[in-house]
Amino acid sequence: MEKMQGENEDGQISSADENYNGALIHHQSILRNKRCLLAYMYHRANRLQRLRWQLGAVLPEDVKELLHPSEKEFVKSYSEALSSYMTKLDIDLAVDITPPKDPYIQVRVLNNIGEVLLGDQSTSLVRNSIHFVKRSEAETLISQGLLEEFTG
């Protein structure tokens, strides 16, 4: 483009200037398309990060089907990095995003799960049974759709 711009130093319009203007417009449109694509990719990455915080490490199959392989790899590496960080801190950051009013919660079992270790005791989670458990232990099962908060 510098060669095309420098060819006409006498100030007259030539075919080289026309080619230069066309090339410049083409180059600027490529840069614009690149910016739009990067903004779209950034938006999808943010949405995948929010899904990781909301649903946990395991994404539903209907969501996984819609992801590109590079997005699946991004979710996997983001989840691994987040898990590694939480392990080093020895705290689960995804449990209580908003502070709970009560550390215990009443839950109803939606499907037969079987024997599950909750806290320091083994509990049998049978369909439609109601349990009073720690909120931190129930949050992951609630996000997976196995339990629901029992309100009355």
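This is a short dialogue on how to read some features of the predicted model shown above.

Biologist: What should I keep in mind about this model before reading its features?

Modeller: The model is predicted, with local features needing pLDDT of at least 70 and side-chain atom pairs counting only at pLDDT 80 or more, while totals for chains, interfaces and linings use all residues. Residues are numbered from 1 along each chain as its sequence is written, and side-chain values use heavy atoms, with hydrogens and water left out.

Biologist: How many helices and strands are there in the protein, and in what order do the elements run?

Modeller: Helices (H or I, at least four residues) and strands (E, at least two) are DSSP runs, numbered from the N terminus. Here the protein has 5 helices and 5 strands, and from the N terminus on they follow the order α-α-α-α-β-β-β-β-α-β.

Biologist: Which strands form the open sheet?

Modeller: Strands of a sheet pair through backbone hydrogen bonds, either parallel or antiparallel. Two strands are taken to pair if DSSP finds at least two bridges between them. In this structure, 3 strands form an open sheet in the order β4-β1-β5, with antiparallel pairing. Its edge strands, β4 (130-134) and β5 (147-149), each pair on one side only. Strand β1 (residues 104-109) is joined to β5 by 3 bridges, and V109 stands opposite L147 in β5.

Biologist: What joins strand β2 to strand β3, and which residue of their hairpin takes a positive phi?

Modeller: Strand β2 (residues 114-118) and strand β3 (residues 121-125) run antiparallel and are joined by 5 bridges. G114 has L125 in β3 as its bridge partner, while L118 stands opposite Q121 in β3. This hairpin has 2 residues between the strands, and G119 takes a positive phi near 70 degrees.

Biologist: Is M41 buried, exposed or partly exposed, and why?

Modeller: Buried means under 20% relative accessible area, exposed over 50%, and partly exposed in between (1.4 Å probe, protein chains only). M41, which is found in helix α2 (residues 15-55), counts as partly exposed because its relative accessibility is 48%. Across the protein, buried residues make up 20% of the 152 residues.

Biologist: What share of the contacts joins residues at least 24 apart?

Modeller: A contact means heavy atoms within 4.5 Å. Among contacts in the protein between residues at least 6 apart in sequence, 51% join residues at least 24 apart.
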